[in-house]
Amino acid sequence: MGFREYLAKRIIVSFLVIFLVATLNFLIFIVYPADPTRYLLDPQLARTPGLVDVIRDQYGLNEPLHVKYVKYLGNMFSFGILPPHFGYSFQTHDFVANEMAWRMPLTILLLGLALVGNVIIGIPLGIFAASRRGTKTDVAVIGAGLFTYGVPTFFVQLLMILFFISFVYQTYGIKIFPAGGWISYPNPEGLINVMGDILWHMALPALTLVVAGFAGWALYTRNMLVDALTQDYVATARAKGLSERTILFKHAFKSIHPQVATLLTLSLPGLVTGAIITETIFGLEGVGKWYLSSLDRSNPDFPVVQAVLFVVATLVVVCNLVADLLYGVLDPRIRVGQRR
Amino acid sequence: MELLKLQNLKMYYGTLRGDVRAVDDISFTMEKKDTVGLAGESGCGKTSAMLAILRLQPPNAKVSGEILFQGKNLLKMSDSEFRKNIRWKKISTIFQGAMNALHPTLRVGDQITEAILAHESRSKQEATEIAGKLFDLVGIGSERLDRYSHELSGGMKQRTMIAMSLACNPELIIADEPTTALDVIIEAQVLKVMKELQEKLGLSMIVISHDLSMIAETCNKAAIMYAGKIVEFGGIVKVFTEPLHPYTQKLIAAFPSILGSMRELASISGFPPDLLSPPPACRFHPRCPYAMNICRKEEPRYIEADQNRYVACHLVSR
């Protein structure tokens with residue numbers, strides 16, 4: 001099997017998975033006993049004959065199931081670019097795609113900062129611990145890793161809010177971080193000031209995610225590396241008289257590149273779900289908070305929920321595909337259909 | 001002058017249950033161009049002895065005694081001096097290449113050139129030329145330098161290991177079970193390569209194996225190890241034709257011969273001892289058919305029974 005056939009096959013399978021997720025998303029809100037007309041209309045007006053049907057017509061709720069399904073699929077697979085742009089949000093009556101478009105950058109910024117922080121602190125720390133395996137440094141990293149793995153992220157976040165806001169700011173008047181939100185009021189003037197202000201607001205939430213996450217990354221890296229360091233080829237490298245540095249980076253760390261890359265790629269979707277809690281706690285108007293607020297039990301904003309679920313599912317599938325392809329790039333043993 | 005002289009070398013692994021005496025007071029001497037076969041059953045300390053010479057022992061191992069290499073005690077050298085001046089440059093190894101000894105994601109050529117570049121001031125291009133010549137020498141062909149180890153067969157991996165061991169023209173090569181994971185045909189090919197190189201380059205080697213026929217074929221001296229001790233050492237023909245120690249006799253009797261009459265193979269009754277608490281006095285006495293009272297009370301000394309012929313047995317020293 002050549003690489004092209006392999007890639008084509010993987011893309012078709014990925015597409016089928018996304019299609020199935022989309023179908024499930026559709027079915028959930030068919031069986032879900034929520035009728036948007038109930039909260040779109042004043043209860044008094046709802047008694048007006050015909051009015052409910054007008055509303056239902058407007059939102060396409062009166063069409064037969066198969067027509068709804070086909071329209072829904074077209075809507076999803078155009079990724080909000082073509083009308084009707086993921087449909088109308090029941091809360092704001094705006095296109096869901098528009099709402100998503102201005103929230104997405106904030107979420108990406110938050111998660112990007114957190115991921116970069118985790119990786120540039122966690123991975124070197126893991127390498128450091130592995131190079132000193134069995135020492136107190138190593139034990140400290142393992143301990144910290146297990147601890148932060150066990151403590152829920154939101155708990156770390158609440159503690160850090162308590163410290164930086166209630167203690168440092170409110171008791172001593174030192175404003176290191178803003179108390180919440182994603183931009184100051186009144187908004188600062190000028191693009192650079194606005195960006196700086198947004199970054200300042202992102203700093204504490206991102207920091208909490210790094211505090212809660214970096215030791216886990218360090219632990220993963222450390223464990224994979226310690227395993228690699230016991231392999232025979234590391235003994236060969238050592239017998240060759242290479243420096244410990246070369247052995248650690250060129251031989252041991254290079255052999256775990258595929259796993260690290262996989263971990264990195266597959267952590268992206270997980271971060272999105274993590275954003276739900278973080279954005280809610282810090283009052284950031286990102287996709288996560290928006291998604292949670294659309295999940296009201298009695299009147300879910302289902303076009304929003306469907307769109308977010310669809311985008312996240314696509315992200316998961318794409319990340320999996322990328323991880324598989326990256327593995328092949330980094331590990332010559334599993335390169336598919338390579339010919340010489 | 002001797003190339004390598006082990007004197008009272010000991011290596012104990014510290015464990016929670018006590019010290020495992022993997023190498024317990026071994027001594028032997030080898031000259032330049034000698035090939036010494038280190039033989040014995042699994043767990044007798046052959047590989048531990050090799051690790052001690054290469055200073056690759058795990059952190060819980062305690063090494064004592066003397067390893068004199070060209071007159072210098074390797075155990076007294078600093079780590080960085082040993083790494084820069086001895087490893088691969090003077091003493092290199094042939095690990096079991098068919099297993100995991102080659103890096104999975106580095107090209108085999110690069111694995112050879114990095115050894116050259118670490119010890120000699122050469123350009124990358126010169127190093128690649130040397131690696132290519134070595135590949136031609138062991139019969140793989142320099143065009144395979146850009147392969148990964150998984151793209152080579154078991155025999156080719158083992159030849160790669162051999163080529164790699166020659167990269168810096170070492171004074172001594174230690175081969176640890178160089179043919180163990182190979183089938184007999186490939187084994188014969190690898191042995192042929194090793195013998196040719198020995199003749200062509202005048203190599204000094206230590207070959208570690210439990211395969212006596214392979215040792216008989218490649219070595220001119222043999223050291224037979226049992227339970228962490230060398231029980232017999234001497235010229236290969238003498239050791240194989242007139243073994244002095246009962247263990248050596250048993251070991252040779254347990255091996256089939258293609259030539260000569262058919263006979264039932266003898267086995268050695270009992271089990272190899274636990275090196276945490278080996279039998280007192282002579283360690284072979286529980287399995288020895290000639291065991292005497294003194295064997296249970298007193299450890300036999302390792303004596304020179306004949307010229308360059310050493311043995312540790314009360315039968316001989318009496």
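Begin the tour by selecting strand 7 and strand 8 (residues 205–209) of chain B, which run parallel and are joined by four bridges. Helices (H or I, at least four residues) and strands (E, at least two) are DSSP runs, numbered from the N terminus. Two strands count as paired if DSSP finds at least two bridges between them.

The structure is a predicted model, in which local features need pLDDT of at least 70 and side-chain atom pairs count only at pLDDT 80 or more, while totals for chains, interfaces and linings use all residues. Residues are numbered from 1 along each chain as its sequence is written, and chains are lettered from A and ligands numbered from 1 in the order in which they are written.

**Strand 7 and its neighbours**

Show the side chains of this pair of strands. Opposite B:I174 stands B:I206, in strand 8 of chain B. In a regular strand, side chains alternate between the two faces of the sheet. Both faces of strand 7 of chain B are covered: B:L172, B:I174 and B:D176 are buried on one side, and B:I173 and B:A175 on the other. Here a residue is buried if 20 or more other C-beta atoms lie within 10 Å of its own, exposed if 12 or fewer, and partly exposed in between, with C-beta atoms placed from the backbone. Because five of the five residues of strand 7 of chain B are buried, this strand is largely enclosed by the rest of the structure.

**The whole sheet**

Next, select the eight strands of chain B that form an open sheet, in the order 6-7-8-3-9-10-12-11 and with mixed pairing. At the edges are strand 6 (91–94) and strand 11 (303–306) of chain B, each of which pairs on one side only. From one strand to the next, the twist averages 25°.

Return to the edge formed by strand 6 of chain B, which runs parallel to strand 7 of chain B and is joined to it by four bridges. One position to label is B:I91, whose bridge partner in strand 7 of chain B is B:L172. Then add helix 9 (residues 246–253) of chain B, which packs on the sheet and touches strand 9 (221–226) and strand 10 (229–235) of chain B. The direction of this helix makes about 105° with that of strand 9 of chain B; axes are lines fitted to C-alpha atoms, for helices over the stretch in contact, and angles run from 0 to 180 degrees between N-to-C directions.

**The two domains of chain B**

Colour chain B by domain: domain 1 covers 4–90 + 170–317, and domain 2 covers 91–169. These bounds come from an automatic or database domain assignment. The C-alpha centres of the two domains lie 27 Å apart. Where they meet, 24 residues of domain 1 of chain B are in contact with 21 residues of domain 2 of chain B; contact requires C-beta atoms, placed from the backbone, within 7 Å. On the domain 1 side, helix 1 (46–54), strand 7 (172–176) and helix 6 (184–201) of chain B each supply at least two residues.

Within helix 6 of chain B, pick out B:L197. This residue is partly exposed, with 19 other C-beta atoms within 10 Å.

**The nonpolar core**

Which residues touch the most other members of the largest nonpolar core? They are B:A167 and B:I224, in a core of 147 residues. Such a core is a set of buried Ala, Val, Leu, Ile, Met, Phe, Trp, Tyr and Cys residues joined through C-beta atoms within 7 Å. Helix 8 (residues 191–229) of chain A gives the most to this core, with 14 residues. Centre the view on B:A167, which touches B:W88, B:I112, B:A115, B:I116, B:I130 and B:L134, not counting residues up to four places away in sequence.

**Across to chain A**

Now display chain A, which has 13 helices and zero strands. Its C-alpha trace spans about 90 × 65 × 40 Å along its principal axes, and buried residues make up 30% of its 340 residues.

Finish at the contact between the chains, which takes 16 residues from chain A and 23 residues from chain B. On the chain A side, helix 9 (232–239) and helix 10 (244–255) of chain A are the elements that give two or more residues. The largest share, six residues, comes from helix 9 of chain A.

Definitions and conventions
Contact = placed C-beta atoms within 7 Å.
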